[in-house]
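Colleague: Could you take one part of this model and go through it closely? I would like to know what packs against what there, and how each term is defined.

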Amino acid sequence: MRGIGRKFPEERLEGIGVCQGVAIGNAFLVDDPRGRVVRFFLPKQQLDAEINRFREALHLAQQQVREAIERLRAALGSDHAYILEAHLLMLQDPHLQGQIEKFILENQANAEWAVRDVTGHLLEVYAQIEDDYLRERGSDVVDVSHRLIKILSGTETRGLNELAEEAIIVADDLMPSVTADLDPRKVLGFVTNAGGWASHTSIIARSVNIPAVVGVRGVTSRVRSGETIIIDGTTGTVILNPSPETLIFYTEQRSRQQQQEQHDIEERELPAITFDNQEVKLRANIELIEEIEVFQRFNAEGVGLYRSEFLYAQAESGLPTEEEQFEAYKFLAEMSGEAGAVVRTFDLGGDKLHLEGFKPERNPALGLRAIRLSLQVEYVFRTQVRAILRAAVHGNLKILLPFVSNLDEVRAAKQIIADVERELRAEKVAHAEDVEIGVMIEVPAAVLMAEVLAREADFFSLGTNDLIQSMLAVDRGNENVNSLFDPLHPAVLRAIKQVADAGRKLEIPVNVCGEMASNPAQVILLLGLGLRDLSMTPTAIPTIRRLVRSIDMANAEKLALHVLTLTTPNEVHRYVQTHLSELGSQFLTTAHFG
Ligand code: PEP
Ligand code: MG
């Protein structure tokens, strides 16, 4: 293990750059995707209280285990309680208790971190034992450690939102709710072991414009809190122990980046029109209502996707009420101008946020999520629709249904929306009627049925993130299969073409709101496939605007037409890379092909 203050040679790790920009700062290690086990430096006068907090947790853990032993004895007899008895012995071990308390005092650390660190060392000792049986007992250490941490974080949660100083977050992975809660003024960047371009952590990083590199295997075991690290979110490079020369190089890079940001603001009013006069709509994807300021800064044409489930992530407790939602959607309606905003109904479940009271599923990506959940827990959907229809009086709002896999779901949702309208009318509550209802195309079945769905939808929104995941059977957040998550796979491109054609044939607008719309190389193909309406993370807008203004649409169409004849992902990548020089290669980095 590295010790703080010791000098090590510079080390470079590679991952996937998911939000451009350079960050230089001190690492802050987070050991839990929920952000529970984080490292705090406590003032000396708080240490006695921290020791007491730990002792209370220890006491509670002992009590829990004793009760569990009793239950087990009563149900199955004494022989079966021996594992828990070992846990109890560990929790009563004065040596272990002493070590944790000593760690808190000597390191001015919070109890969660002390438990994690001390038990982590104990685990390393167990791992070296030759006897299989004894080595396996390491799992008891893990159990005891988890129990203590769970109690501690339940009694007093110290989250990442309480970060005292600016830092670069280093974590195995982060839950969307944790990332959503981060204070962008304190978080300079983040690096994770897990994740891919379209994972939720990456989406949030882009939306708050924090440089980020994901899929850096083993980074959490190489970095210690407090060490200086550099991350380059454009190339996906993470540098540990940078040399003075490297620090100078990246400091200059960072100031060039700041100049570019200034330049982007100056260009914000320029129209997104190609050389051959084709207009492209550039809209914003918004996760947090507070971000609306960012989207105005880049002069987006309204909000193409508002991921409303983040209201749930931010709510103090449980689901946001009708009034809370009304206020949020009203604000969105007022701020998004004439072009308006598309409110996607809660996309809960799956790999995102979970509705309280619902058990974890074995296969959440294919489980009770999004529109399926809304139709099953109808009051949640009705409350949301009421709030949207009421807020739509204050501007131009549209409703978008996520993860639709069949026409029945669209009909059922529309029926509930019509019913809510009647209810509001009867109650004489101000609301908008005939709000447009769109369907997200992000399941292969919806692609195949696009023409049928187009007859009953007012517009389509192509969710390429889930579409790629489900078409290619590749988890969008799993770094082990990241290279297979390929937006340039011929099947994906053909699916997109099919949806664009269905929209044109049935004369409904088709927008793209997945991450492909933020990626210059992929945008050229989207345009070439006939799409003219893109919704992206706001910070990508300047680059995509410059790209659109530097190409001929006819060339993009020619490129796409040829690409559709290719049969393997490799052929597509090679062809696109060699022909992009004719189209605007100054925008492209290797990260754009991921
Ligand atoms: C998508 O799947 O492409 C999409 C836009 O929705 P989300 O990323 O929120 O699942
Ligand atoms: Mg989706």
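Modeller: What follows is a close look at helix α22 and its surroundings. The model is predicted, so local features need pLDDT of at least 70 and side-chain atom pairs count only at pLDDT 80 or more, while totals for chains, interfaces and linings use all residues. Residues are numbered from 1 along each chain as its sequence is written, chains are lettered from A and ligands numbered from 1 in the order in which they are written, and side-chain values use heavy atoms, with hydrogens and water left out.

Helix α22 covers residues 541-549; helices (H or I, at least four residues) and strands (E, at least two) are DSSP runs numbered from the N terminus. Seven of the nine residues of α22 are buried, that is, under 20% relative accessible area, with over 50% called exposed and the range in between partly exposed (1.4 Å probe, protein chains only). The buried residues are I541, P542, T543, I544, R545, L547 and V548. They pack against α10, β9, α21 and β16, the last at 533-536.

Of these neighbours, α21 (residues 520-528) can be described in detail. The axes of α21 and α22 come within 10 Å and cross at roughly 50°, the axes being lines fitted to C-alpha atoms over the stretch in contact and angles running from 0 to 180 degrees between N-to-C directions. That crossing angle makes α21 oblique to α22, because under 35 degrees counts as roughly parallel, over 145 as roughly antiparallel, 65 to 115 as roughly perpendicular and the rest as oblique.

On the α21 side, P520, V523, I524 and L527 make the contact (heavy atoms within 4.5 Å), and on the α22 side T543, I544, L547 and V548 do. An α-helix has 3.6 residues a turn, so residues three or four places apart point the same way. By class, the contact of α21 with α22 has seven nonpolar residues, one polar and no charged ones; Ala, Val, Leu, Ile, Met, Phe, Trp, Tyr, Cys and Pro count as nonpolar, Asp, Glu, Lys and Arg as charged, and the others, Gly among them, as polar.

The loop between α10 (244-266) and β9 (281-286) holds Q278, and both of those elements are among the packing partners of α22. Q278 has 32% relative accessibility and therefore counts as partly exposed. Leaving out residues up to four places away in sequence, Q278 touches A272, I273, R532 and M553. Q278 and I551 are 273 residues apart in sequence, yet their C-alpha atoms are 10.0 Å apart in space.
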